[in-house]
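User: I would like to learn how to read the features of a structure like this one. Could you take me through them step by step?

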Amino acid sequence: MKSPWFKLVAAVALVLASAAGARAQALLAPIRTLAGGAAPGAAGGFGSNARFNQPNGLAADNAGNIYVADTENSIIRKISPEGWASTLAGLAGEFGSADGEAATARFFGPQGIAADGAGQLYLADTANSTIRKVTPAGAVTTLAGAPGHFNSFDGAGADARFYHPEGVALDAAGNLYVADTWNHTIRKVTPSGLVSTLAGLAGHPGSVDGTNSKARFNRPSGIAVDSLANLFVADSLNHTIRKITPAGEVTTVAGLHGVWGSADGTNTAARFYLPQGVAVATSGDLLVADSGNQVLRKVSLAGPDWVVSTVAGLPGSAGRTNGAGDAARFFFPAGLALDTAGCLYVADAANHLVRTTRVVPPTLQLATLDSHMVLFWPTSAEGFMLEQSSALDAAAVWSPLTNGIVALDDNFVRTNNLTGPAFYRLHLP
């Protein structure tokens, strides 16, 4: 039977682990792992206990939740502000197009995802060639397109057609913009579901700047919108970043069409390689998941010029290492999202991870084994140190515990003898 003091220890350890070490992070702070493990899967859990399978799209709501288009699982995931990953809608490994509540809904390879201020989600359900809507409770409906019918028709609701769309973005008025990837066009969907083509000409890939149907794209993938309703597009097979005004005027802001590389530089002197995701910071800077280069890039406006720099990762070096600048490694990073605090989230697709610049305090969990207390926490909690104190007050002295900690599967584990009252915390020095 557990003694009363053991119950106190358990409660305090959980509270301290959840609150300790929280720090505001700048946009380009070191990269950490938010959720996911080494192998693909669909399990829920904290940090490295969770599993994803080729996540491609991310969105953040105003409450601090992160939503994931878990592409190969064909489900939509939710990661709470505390780092708990769960499934919001769909059933892992079950592909389809059914609307419905939570686990009764079906998706087929969703990629793009966006969230509005009310927590409603909008999805590019890629292999179904439809646009779906998901409520905060997980109820799914089809906003536009018809499952399995690929074309480029404008129109309302099910009369519209798409061809494997991969990216979506919302403006302040509730209009949804779609990177209609294999139509090589950018579409607009009103809140009522009326679809029109804003830029590009279906079935005609190219790289021409121009207005509306005179412009050309080549497999546009990621898309983002700024506060002035300008769109920015990762034009993946052109290896460029494009801008579209609300009137549909298209220009190339960085990169040179048809020429790939990894050079930093200004305007067309910069090079990209299969850029996938794009996000717009409140400063107006663009963040780009330069997937083929395995890096994250920043594109900043300096006077009339767009200046490209590499902010995380090393071109041509794939991996899963956390860290700052070129010490970090990615493996085909895809979707990006920014939260209200300016922290960045990365769908690291081929690593099956969700990465971030935010510090998420790990949850310290407890169990008993005979007369021992077992402490465990996710291995994704890199940098946090287990500490112990005999008291819990302002004058408490916390001592680091470094011995006896082993990595077991996706957790750090330490077994402690129950010899008296003790308090534990995870602390970020």
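Analyst: Start with a term: a strand here is a DSSP run of E with at least two residues, and strands are numbered from the N terminus. Keep in mind that this is a predicted model.

User: What does the secondary structure of the chain come to?

Analyst: The count is one helix and 36 strands. The radius of gyration is 23 Å, close to the 22 Å that the globule rule gives for 429 residues, so the chain is as compact as a globular protein of that length. Along the principal axes, the C-alpha atoms fill a box of roughly 75 × 45 × 35 Å.

User: How do I read burial for the chain, and what share of the residues count as buried?

Analyst: A residue is called buried when its relative accessible area is under 20%. By that cut-off, 54% of the 429 residues are buried. Contacts give another view: among those between residues at least 6 apart in sequence, 47% join residues at least 24 apart.

User: How should I read a cavity, and how many of 30 Å³ or more does the structure hold?

Analyst: A cavity is a space where a 1.4 Å probe fits but cannot get out. This structure holds two of 30 Å³ or more. The largest has a volume of about 170 Å³.

User: Which residues lie nearest the centre of the largest cavity?

Analyst: Thr-33, Leu-34, Val-360, Pro-362 and Ser-380 do, out of a lining of 18 residues. Strand S1, residues 32-35, gives the largest share of that lining, with three residues. By character, the lining of the largest cavity divides into nine nonpolar, six polar and three charged residues.

User: Now strand pairing. What joins S4 to S5, and in which sense do they pair?

Analyst: Two strands are said to pair if DSSP finds at least two bridges between them. Strand S4 (residues 66-70) and S5 have five bridges, and the sense is antiparallel. As one example, Val-68 has Arg-77 in S5 as its bridge partner. These two strands make a hairpin with four residues between them, where Ser-74 takes a positive phi near 55°.

User: And what lies on the way from S5 to S6?

Analyst: Another hairpin: four residues separate S5 from S6, and Gly-83 in the turn has a positive phi of about 95°. Strand S6 covers residues 84-89 and pairs with S5 over four bridges, again antiparallel. Lys-78 stands opposite Ser-86 in S6.

User: Is strand S5 mostly covered or mostly open?

Analyst: Mostly covered: S5 spans residues 75-79, and four of its five residues are buried. As a general point, side chains in a regular strand alternate between the two faces of the sheet.

User: How do I read the order of strands in a sheet, for example the one with five strands?

Analyst: List the strands from one edge to the other. Here the open sheet runs S12-S16-S15-S14-S13, with antiparallel pairing. Its edge strands are S12 (155-156) and S13 (167-170), each of which pairs on one side only. Within the sheet, S15 (residues 185-189) is joined to S16 (residues 194-199) by four bridges. Arg-187 stands opposite Thr-197 in S16.

User: Which strands stand at the edges of the open sheet S33-S32-S36?

Analyst: That sheet has three strands, paired in the antiparallel sense. Strand S33 (399-400) and strand S36 (423-427) each have a single partner strand, so one side of each is left without a neighbour in the sheet. Two bridges join S32 (residues 385-389) to S33, and in S33 the bridge partner of Gln-388 is Ser-399.

User: Now single residues. Why does Thr-240 count as buried?

Analyst: Thr-240 counts as buried because its relative accessibility is 1%. Thr-240 lies in strand S20 (residues 240-244). Leaving out residues up to four places away in sequence, Thr-240 touches, among others, Val-233, Asp-235, Thr-252, Leu-256, His-257 and Pro-275.

User: Where is Asn-293 found, and is Asn-293 buried or exposed?

Analyst: Asn-293 is in the loop between strand S24 (286-290) and strand S25 (295-302). Asn-293 counts as buried, at 6% relative accessibility. Beyond four places in sequence, the contacts of Asn-293 include Gly-261, Phe-272, Tyr-273 and Leu-314. The C-alpha atoms of Asn-293 and Pro-275 are separated by 8.4 Å, and the two residues are 18 apart along the chain.

Terms used:
Residues are numbered from 1 along each chain as its sequence is written. This is a predicted model: local features need pLDDT of at least 70, side-chain atom pairs count only at pLDDT 80 or more; totals for chains, interfaces and linings use all residues. Side-chain values use heavy atoms; hydrogens and water are left out. On a 1 Å grid over the protein atoms alone, a cavity is a set of points where a 1.4 Å probe fits but cannot get out, and a pocket is an open set with protein on both sides within 12 Å along at least five of seven lines; lining residues have an atom within 4 Å of a point. Grid points are joined across faces, edges and corners, and a volume is the space filled by probe spheres set on the points. Ala, Val, Leu, Ile, Met, Phe, Trp, Tyr, Cys and Pro count as nonpolar, Asp, Glu, Lys and Arg as charged, and the others, Gly among them, as polar. Buried means under 20% relative accessible area, exposed over 50%, partly exposed in between (1.4 Å probe, protein chains only). Contact means heavy atoms within 4.5 Å. The radius of gyration is taken over C-alpha atoms; the globule rule is 2.2 Å times the number of residues to the power 0.38.
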